[in-house]
Protein chains: 2
Amino acid sequence: MSSAQTSGQHRRAPALRTSTVNVAIAGATGAVGQEFLRVLEQRDFPIGQFKLLASARSAGKRVSFKGAEHTIEELTDDSFKGVDLALFSAGGSTSKRFAPAAVDAGAVVVDNSSAFRMTQGVPLIVPEVNAEALSASGIAIGKGGVIANPNCSTIIMLVAVHPLRVAAGLRRVVVSTYQAASGAGAAAMRELEQQTRQVLAGEAPTCEVFSQQYALNLFSHDSAMQANGYNQEEMKMVDEARKIWGDPAARIAATCIRVPVMRAHAESITLELGRAMDEAEARQVLAAAPGVEVVDDREHNRFPTPLEASDRDAVLVGRIRQDISSEDGRGLAMFVCGDQIRKGAALNAVQIAELML
Amino acid sequence: MSSAQTSGQHRRAPALRTSTVNVAIAGATGAVGQEFLRVLEQRDFPIGQFKLLASARSAGKRVSFKGAEHTIEELTDDSFKGVDLALFSAGGSTSKRFAPAAVDAGAVVVDNSSAFRMTQGVPLIVPEVNAEALSASGIAIGKGGVIANPNCSTIIMLVAVHPLRVAAGLRRVVVSTYQAASGAGAAAMRELEQQTRQVLAGEAPTCEVFSQQYALNLFSHDSAMQANGYNQEEMKMVDEARKIWGDPAARIAATCIRVPVMRAHAESITLELGRAMDEAEARQVLAAAPGVEVVDDREHNRFPTPLEASDRDAVLVGRIRQDISSEDGRGLAMFVCGDQIRKGAALNAVQIAELML
């Protein structure tokens, strides 16, 4: 993955192309599905035939893409004839139900759900981190297979942490997240907005997506609690990072918290590196890293915020400094923001597809 | 400090009293000043004469307390005649300007600003943690002196961390905060509310207290950045904890973030203890600790939230679990919420005063 492909705003796919790709989007009406459309258009992905798929409920709706109108079709086992690339973002059960049909039809599935992430043989890819695992898998356009897109919090963490791991080795990660509503989908974003209006009006907030007030509040991630006291979201960050790095013993602990922000996640990350690294070197490593933009202006107190990260490709990294609780100079702290819908989901999936062009 | 004094909701001061105390509040119109009134009333603090002081701008305003109306007087050097206890919360410069006059008049000043916290000889007190430092100082009602109330984030952290430190020793703290608007005062709370209305209406947010959008956003704490890359708020947590524990080498690193929440702070805390401690023991230690309420219901996914902590005396502690990135079983993680205005400021100051009754 060259840095030209991943850094900067809305870069296009590589210019050299031998052919176009027939693309289907499964879950075209969701927050990530809609972002797939924007990302594919902005990056001028070489699309041949184009299919928008969703549940029967959404079938018949019309969506504009590159200036043309497209009609959403119902997702069925027969949807994938002639499809080269199927981008799935319709939840884990839809992926489990329909990805096999897509692969049988010869398509490469890039799946944004958690359905196949930990399945052996399914590459789990962050292009900036482990593009080589995709090549090694043998999956390519024309040779069907499933590729998994990692969890949004995992992607955002790894884009920032990986270059430091490459430069100095990594002994340990402690991360606390500040996660946006978009992580729970478009309905959660609407609920946050509705609740906020209600609370400001002195009314009781309507809790449908979440079981408690989200407006002007925050809470521990509501995914299922595991026996070790970590919730599923936290263990995704641990397990997926271990798989992506090919390091089943990687030491990572996460605390995942939902905050009343719309669409970009923030993460406070403390690292123990394999060797001492001062903040100047860390800044240099990060500034040169693909997919990273350093936003670390101490003089003007300007650091990454979810608002600034929204609608951006790059993961913003700032507050880069020594971990002063570390005794050996190997501790490093930083604060990171990334667009959950974009780099945390749709963009990463399209970048995976671009690796196969 | 007995647990009866600090745990539970709105407990009263000890029943045995020899006399009443003449109390002045400097900064009576601020968010913390108003909370002083509520806390003193709820705890039935044995007040003799009562003075409400503020800037000339607020002088003449009337405030009700224990069913009687009180008129706010202008704070001057002559305000403290006959005052036994002066609770200050009008900013650091006001404390520096007027605390000496109060002490000269024979009053004990409990100062909520940062003006004297790190001054040698000024006790910095969290009653649940270091009440003995107050006795050792010799400061008492009738013998004037200044006592400092720690920073809100420091107090909330220490109430939760201290019992574990006592039980097992403490090698290291890594903390990331989720700080409410109230930490920047009543004007910041109004700004968050106004901005939220504006953003929901599609208008540009008015940024007066903060230089950037706070509504549906979050940002690194805007206090002054220090040479080591930590901001003042973060270094307060480090330096104040070291002073309170009498351990100038205590290893603590903080990342302080403001989140769009009204009045309770949250903190994600990772500890390295002096010995291995399993989560059952940690929960037991915390359940028995003064000022702590364990809210850690994994089955119903109920953990501390700012909303639940608001208007509460206790610091809520949950998500108690092993730090799975720790190799030696000495790592412990937890998530903590405490009312910033109450235990983070007014309540802690009144509890300090109660120690002197």
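A residue counts as partly exposed when its relative accessible area falls between the buried limit of under 20% and the exposed limit of over 50%. Arg302(B) has a relative accessible area of 39%, so it is partly exposed. The model discussed here is predicted.

Arg302(B) pairs with Glu308(B) in a salt bridge, with N and O 2.6 Å apart. Glu308(B) is partly exposed as well, because its relative accessibility is 22%. Another salt bridge of chain B joins Arg342(B) to Asp313(B), again at 2.6 Å from N to O. This pair links distant parts of the chain, 29 residues apart. Arg342(B) belongs to helix H10 (residues 342-355) of chain B. Asp313(B) sits in the loop between helix H9 (306-309) and strand S15 (315-322) of chain B. Both Arg342(B) and Asp313(B) are buried. Asp328(B) forms a salt bridge with Arg330(B), with the closest N and O atoms 2.9 Å apart. Asp328(B) has a relative accessible area of 36% and is therefore partly exposed.

In chain A, a network of salt bridges links Glu35(A), Arg38(A), Arg43(A), Arg263(A), Asp311(A), Asp313(A), Asp339(A), Arg342(A) and Glu354(A). Over all chains the count comes to 58 salt bridges.

The arrangement of the two chains was examined next. Two copies of a chain are related by a rotation about an axis and a shift along it. Here chain A superposes on chain B after a rotation of 180° with 0.0 Å of shift along the axis. The RMSD of this superposition is 0.0 Å. The two copies are therefore related as by a two-fold rotation axis. The same surface serves both copies, since 100% of the contact residues of chain A recur in chain B.

The interface brings 61 residues of chain A into contact with 61 residues of chain B. The area buried between chain A and chain B is about 5,000 Å². Carbon and sulfur atoms give 55% of that area. In chain A, Leu200(A), Leu216(A) and Ile324(A) lose the most area to chain B. Together these three residues make up 13% of what the chain A side buries.

Polar and charged pairs also cross the interface. Nine salt bridges are counted between chain A and chain B. One of them joins Arg319(A) to Glu234(B), with the closest N and O atoms 2.6 Å apart. Residue pairs in polar contact between the two chains number 30, with both partners at pLDDT 80 or more. Strand S9 (residues 170-178) of chain A gives the most to the side of chain A that touches chain B, with six residues. The residues of that side divide into 28 nonpolar, 20 polar and 13 charged.

In chain B, strand S9 (residues 170-178) holds Ser176(B). With a relative accessible area of 4%, under the 20% limit, Ser176(B) is therefore buried. The side chains of Ser176(B) and Ser268(A) are joined by a polar contact of 2.7 Å. Beyond residues up to four places away in sequence, Ser176(B) touches Ser176(A), Tyr178(A) and Ser268(A) across the interface. Within chain B, Ser176(B) touches Thr255(B), Ala266(B), Glu267(B) and Ser268(B).

Asn231(A) lies in the loop between strand S10 (219-220) and helix H7 (232-245) of chain A. Asn231(A) counts as buried because its relative accessibility is 0%. The side chain of Asn231(A) reaches the backbone oxygen of His221(A) at 3.3 Å. A polar atom of the same side chain lies 2.9 Å from the backbone nitrogen of Glu234(A). Neighbours within four places in sequence aside, the contacts of Asn231(A) include Ser220(A), Ser223(A), Met225(A), Cys256(A) and Arg319(B).

Backbone geometry was considered last. Most residues other than glycine have a negative phi. Asp44(A) is not a glycine, yet its phi is positive, near 55°. Asp44(A) is found in the loop between helix H2 (31-42) and strand S2 (47-54) of chain A. Its relative accessible area is 24%, so Asp44(A) is partly exposed. Asp44(B) also has a positive phi of about 55°. Asp44(B) lies in the loop between helix H2 (31-42) and strand S2 (47-54) of chain B. Asp44(B) is partly exposed because its relative accessible area is 26%.

A positive phi of about 80° is taken by Gly138(B), just after helix H4 of chain B. In helix H4 (residues 127-137) of chain B, the buried residues include Pro127(B), Val129(B), Ala131(B) and Leu134(B).

Conventions: Residues are numbered from 1 along each chain as its sequence is written. Chains are lettered from A and ligands numbered from 1 in the order in which they are written. This is a predicted model: local features need pLDDT of at least 70, side-chain atom pairs count only at pLDDT 80 or more; totals for chains, interfaces and linings use all residues. Side-chain values use heavy atoms; hydrogens and water are left out. Contact means heavy atoms within 4.5 Å. Buried area is the accessible area (1.4 Å probe) that two parts lose on being put together, summed over both. A salt bridge is a side-chain nitrogen of Lys or Arg within 4 Å of a carboxyl oxygen of Asp or Glu. A polar contact is a pair of N or O atoms within 3.5 Å; within protein, one must be able to donate a hydrogen and the other to accept it, and residues adjacent in sequence count only if both atoms are side-chain atoms. Helices (H or I, at least four residues) and strands (E, at least two) are DSSP runs, numbered from the N terminus. Ala, Val, Leu, Ile, Met, Phe, Trp, Tyr, Cys and Pro count as nonpolar, Asp, Glu, Lys and Arg as charged, and the others, Gly among them, as polar. Buried means under 20% relative accessible area, exposed over 50%, partly exposed in between (1.4 Å probe, protein chains only). Copies are superposed by least squares on the C-alpha atoms of residues with pLDDT of at least 70 in both.
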